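Walk through this fold one element at a time. Keep the sequence and the 3D view side by side.

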Amino acid sequence: KSNLKTKKVLDIYMDNSHVYISYEEIKNDCKHLHLAKAKINFQKLEFIDIFKIENECTNDVQSGRISKIIENDHEYLLLSTSGDILNNKSEKDTKPQNDQSLYGKILRIKIDDNSHSIFSKGHRNILGLSVDNQTIVSTENGPKGGDEINLIERNKNYGWDIASYGKKYSSDDDSGAYLDHRTYGFEEPIFSFIPSVGISEIVKIDNNFDKDWYDNYIIGTLNDKHLLRVKINKE
């Protein structure tokens, strides 16, 4: 049982004695992303909002992946927010490149006081976010083609909605192509799936699991419901 009232939960993250949930709230037919926290209690979970995007909303709240990093002995949550293109017929989306918007970003939220900042930007729809020590890897839905695996670094720009290896849904020819990442100063994905696989969650396998699975990841796909085993090396 809990006091949480929503029809859409995006992610659940367990941390010691607390559970964090990202979820959607609908106000006046507009959708907002919230992050709530509760102390683990097997009778009832009493959630309180520790972060919410109140001053702007989207057509559809997606992403919402939660992970934790430690920097300079401080604990932070990383929260991914999607762009606003998923139900947008124009296929234009200014939010991910706009520093005044919190959508299309990975946000860094300090656990001590819930203050937040933009960690990275230029994201379309991150459905997987893995933190292994200081290595942060995301899996991100592209448009028509171009699903990405990204190595996430602070203050970097990953290009959406300017650069992508996918194309616009409304075009089958080169007129629907996006720009190149590197040429225009954006971060290149580690790997891009063309055509798309409907990339979803990414999970780092514990290195104690098996010697043959050292530094391996498992990635889910929505299109064919496959599990992909991936090894990411230093290059």
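**Hairpin, sheet, disulfide and pockets**

β7 and β8 make a hairpin, with five residues between the two strands. Asparagine 114 sits in the turn and has a positive phi of about 65°. This is a predicted model. The hairpin strands, β7 (residues 105-110) and β8 (residues 116-121), pair in the antiparallel sense, over five bridges. One pairing helps to set the register: isoleucine 109 has histidine 116 in β8 as its bridge partner.

Now turn to the N-terminal strands. Four of them form an open sheet, in the order β1-β2-β3-β4. The pairing is antiparallel. β1 (9-15) and β4 (48-52) are the edge strands, and each pairs on one side only. From one strand to the next, the twist averages 30°. Look next at β2 and β3. Strand β2 covers residues 18-27 and strand β3 covers residues 30-39. Ten bridges join these antiparallel strands. Tyrosine 20 stands opposite lysine 37 in β3. In a regular strand, side chains alternate between the two faces of the sheet.

β3 also takes part in a covalent link. A disulfide joins cysteine 30 to cysteine 57, with an S to S distance of 1.5 Å. The pair links distant parts of the chain: cysteine 30 lies in strand β3, and cysteine 57 lies in the loop between β4 and β5, 27 residues apart. The link of cysteine 30 and cysteine 57 is right-handed, with 70° about the S-S bond. The count comes to one disulfide.

How accessible are the two partners, cysteine 30 and cysteine 57? Cysteine 30 has a relative accessible area of 19%. Buried means under 20%, so cysteine 30 counts as buried. Cysteine 57 has 23% relative accessibility and therefore counts as partly exposed.

Pockets come last. The largest pocket has a volume of about 370 Å³. It is lined by 13 residues, and the closest to its centre are Thr135, Leu151, Ile232, Asn233 and Lys234. By class, this lining has five nonpolar, two polar and six charged residues.

The second largest pocket has a volume of about 220 Å³. Its lining has 14 residues, with Tyr13, Ile66, Ser67, Leu129 and Ser130 the closest to the centre. Which elements give two or more residues to this lining? They are β1, β5 (63-71), β9 (126-132) and β13 (199-204). The lining of the second largest pocket divides into seven nonpolar, two polar and five charged residues. Edge strand β1 thus returns here: it belongs to the open sheet and gives residues to this pocket.

Methods
Residues numbered from 1 in each chain as written. Predicted model: local features only at pLDDT ≥ 70, side-chain atom pairs only at ≥ 80, totals over all residues. Heavy atoms only, no water. Pairing = 2+ DSSP bridges. Helix = DSSP H or I, 4+ residues; strand = E, 2+ residues; numbered from the N terminus. Axes fitted to C-alpha atoms, helices over the stretch in contact; angles between N-to-C directions. 1 Å grid on protein atoms, 1.4 Å probe; cavity = no way out; pocket = protein on both sides within 12 Å on 5 of 7 lines; lining within 4 Å. Points joined across faces, edges and corners; volume = space filled by probe spheres on them. Nonpolar A, V, L, I, M, F, W, Y, C, P; charged D, E, K, R; others polar. Disulfide = S-S within 2.5 Å. Buried < 20%, exposed > 50% of the residue type's maximum accessible area, 1.4 Å probe, protein only.
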